[in-house]
Structures are given as structure tokens and as C-alpha cells.
Amino acid sequence: MRSIELVLDGPSDQAVRSLWQTLVAAELPSLGHSGTNDPHVTLAAGESLPLPTDLDAPMPEALRTAGVLLFPAGPGRHVLGLGVVVDGPLAEFHRAVHAAAPGSLDASLPGRWAPHVTLARRIRDVDLPAALRALTADAPLPEVLTVGGLRHWDGDAKVVTPLS
């Protein structure tokens with residue numbers, strides 16, 4: 001699998017990592033257990049997704065968050081994420097990425113995409129209330145995340161190619 005992803009600047013990256021560690025401290029599933037993942041928003045994902053060239057829209061500078069998001073991940077399990085608002089600049093850039101790098105899976109196409117920063121994968125339904133309490137106990141969730149760049153991830157070769 002390959003993907004094209006927005007990565008976060010230093011302070012926003014750290015804010016998400018702090019959320020991951022909050023879940024770890026609460027003994028809940030978290031990407032903080034992984035050690036190999038960086039906070040990001042996937043723009044496109046597919047089996048043979050090429051490196052995009054000549055993007056005809058500017059990369060957004062900031063992403064407004066939209067609270068906690070859940071996706072089904074099997075019986076009794078969910079992906080827990082921090083939702084991202086699809087505003088004008090993000091929608092325009094998303095369309096430009098897909099025009100420059102066709103071949104994405106249906107779920108990441110414009111009009112079907114639910115942008116988010118993953119906090120935990122396969123968290124059990126019974127753990128969701130504890131996760132929400134932990135994530136909101138000490139401070140509010142970040143309202144804005146600043147974009148730090150764009151990358152292409154080749155999961156088969158395990159290669160990250162910075163694009164900006």
C-alpha cells in the first residue's frame with residue numbers, strides 16, 4: 001500500500017504525540033505504542049499510487065480539527081481519530097493530489113474522504129468512554145494543527161519520500 005500524507009509541524013506533531021501518550025498512560029490502545037508512526041493526515045491511499053508532480057493547488061497551512069471521529073474496525077472495535085474539517089483550501093489541495101496521483105482507493109477519493117489523525121486502531125467499544133475521558137481530562141483537544149509538509153509513503157518498500 002502507498003499513501004500521500006500531510007505531516008504536521010513540530011508543535012502540532014508533539015500535540016498529537018501527547019494525545020497518544022495520554023492513551024498509553026491510561027493503558028488503552030494508542031499509536032503511541034507503535035514507535036514507528038508519525039502523526040499525519042492521509043490524502044490518498046492505493047496499491048500503486050505514484051509520486052505526485054505539478055500539484056496545481058497550494059498545500060494548506062493549517063488544519064482545523066473537528067473533535068473525535070470513529071471508524072468501524074471489526075466486531076466491537078473502532079479506529080479512534082481526531083477529525084479534520086474539510087475547508088476550501090484542504091478540499092482544493094485534496095483534489096489536486098488526486099489529479100496528480102491517480103489510483104487511490106475509493107475511501108480516500110474526494111467526496112468520500114474523512115480526513116483525520118489516527119489516535120488508536122482497533123480500540124474496543126467498551127474502552128471508548130475511558131479513552132474520551134482520558135483525552136479530555138487535562139486539556140481540550142487541539143483546535144488547529146499546523147501542516148509541516150507532504151510525503152509519499154511506500155509501505156511495501158518501507159520508504160518515505162518527502163514531497164515538500
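Which strands do the buried residues of H2 pack against? The views below take up that question and a few others, using a predicted model.

**View 1. Helix H2 and the strands around it.** The buried residues of H2 pack against five partners: strand S1 (2–8), strand S2 (40–46), strand S3 (62–72), strand S4 (77–84) and strand S6 (144–154). If you want to find those buried residues, look for Leu90, Ala91, Phe93, His94, Ala96, Val97 and His98. Now check the helix against a ruler. H2 covers residues 88–100, and at 1.5 Å a residue its 13 residues should span 18 Å; the C-alpha atoms at its ends are 18 Å apart, so the two values agree. At the N-terminal end of H2 you'll find a cap, Asp87. One of the side-chain oxygens of Asp87 sits 3.0 Å from the backbone nitrogen of Leu90.

**View 2. His152, a buried histidine in a strand.** Is His152 buried or exposed? With a relative accessible area of 4%, His152 falls under the 20% cut-off, so it counts as buried. This residue belongs to strand S6. Leave out the residues up to four places away in sequence, and His152 still touches Arg2, Ser3, Ile4, Leu49, Pro50, Leu51, Val159, Val160, Thr161 and Leu163. Leu49 deserves a second look: its backbone oxygen lies 2.9 Å from a polar atom of the His152 side chain.

**View 3. A salt bridge inside helix H1.** Opposites get together here: side chains of opposite charge can pair when their charged atoms come close. Asp13 makes a salt bridge with Arg17, and their closest N and O atoms are 2.5 Å apart. Where do Asp13 and Arg17 lie? Both are in helix H1, four residues apart, which is about one turn of the helix. Asp13 counts as buried, at 16% relative accessibility, whereas Arg17 is partly exposed with a relative accessible area of 25%.

**View 4. A salt bridge between distant parts of the chain.** Next up are Arg151 and Asp38, whose side chains meet in a salt bridge (3.3 Å, N to O). This pair links parts of the chain that are 113 residues apart: Arg151 is in strand S6, and Asp38 is in the loop between H1 and S2. Arg151 is buried, with a relative accessible area of 10%, while Asp38 counts as partly exposed at 32%. Zoom out a little and you can trace a network of salt bridges linking Glu5, Asp13, Arg17, Asp38 and Arg151. The count for the model comes to seven salt bridges.

**View 5. Asp127 and Arg124.** Here is another of the salt bridges, formed by Asp127 with Arg124, with 2.9 Å between the closest N and O atoms. Asp127 is buried, with a relative accessible area of 14%. Arg124 counts as partly exposed, at 37% relative accessibility.

**View 6. Thr118 in strand S5.** What does Thr118 touch, once its neighbours within four places in sequence are left aside? The contacts are Trp20, Leu31, Val79, Leu80 and Gly81. Thr118 lies in strand S5, which runs over residues 116–124, and it is buried, with a relative accessible area of 15%. A polar contact of 3.3 Å also joins its side chain to that of His116. Try locating Leu70 too: Thr118 and Leu70 are 48 residues apart in sequence, and their C-alpha atoms are 9.6 Å apart in space.

**View 7. A nonpolar patch on the surface.** Leu70 turns up again here, joining Val68 and Leu132 in a nonpolar surface patch of about 210 Å². Leu132 comes from helix H3 (residues 128–137). That leucine is partly exposed, with a relative accessible area of 38%.

**View 8. Two residues with positive phi.** Most residues other than glycine have a negative phi. Glu27, though not a glycine, has a positive phi near 60 degrees. You can find Glu27 in the loop between helix H1 (10–25) and S2, where it is exposed with a relative accessible area of 74%. Asp54 is not a glycine either, but has a positive phi of about 55 degrees. Its place is the loop between S2 and S3. Asp54 is exposed, with a relative accessible area of 74%.

Technical notes
Residues numbered from 1 in each chain as written. Predicted model: local features only at pLDDT ≥ 70, side-chain atom pairs only at ≥ 80, totals over all residues. Heavy atoms only, no water. Expected span 1.5 Å × (residues − 1). Buried < 20%, exposed > 50% of the residue type's maximum accessible area, 1.4 Å probe, protein only. Contact = heavy atoms within 4.5 Å. Polar contact = N/O pair within 3.5 Å; in protein donor to acceptor, adjacent residues only side chain to side chain. Patch = residues over 30% accessible without salt bridge, like charges linked within 9 Å, V, L, I, M, F, W, Y side chains within 5 Å. Areas by Shrake-Rupley, 256 points an atom, 1.4 Å probe, with all protein chains shown as cover. Salt bridge = Lys/Arg side-chain N within 4 Å of Asp/Glu carboxyl O.
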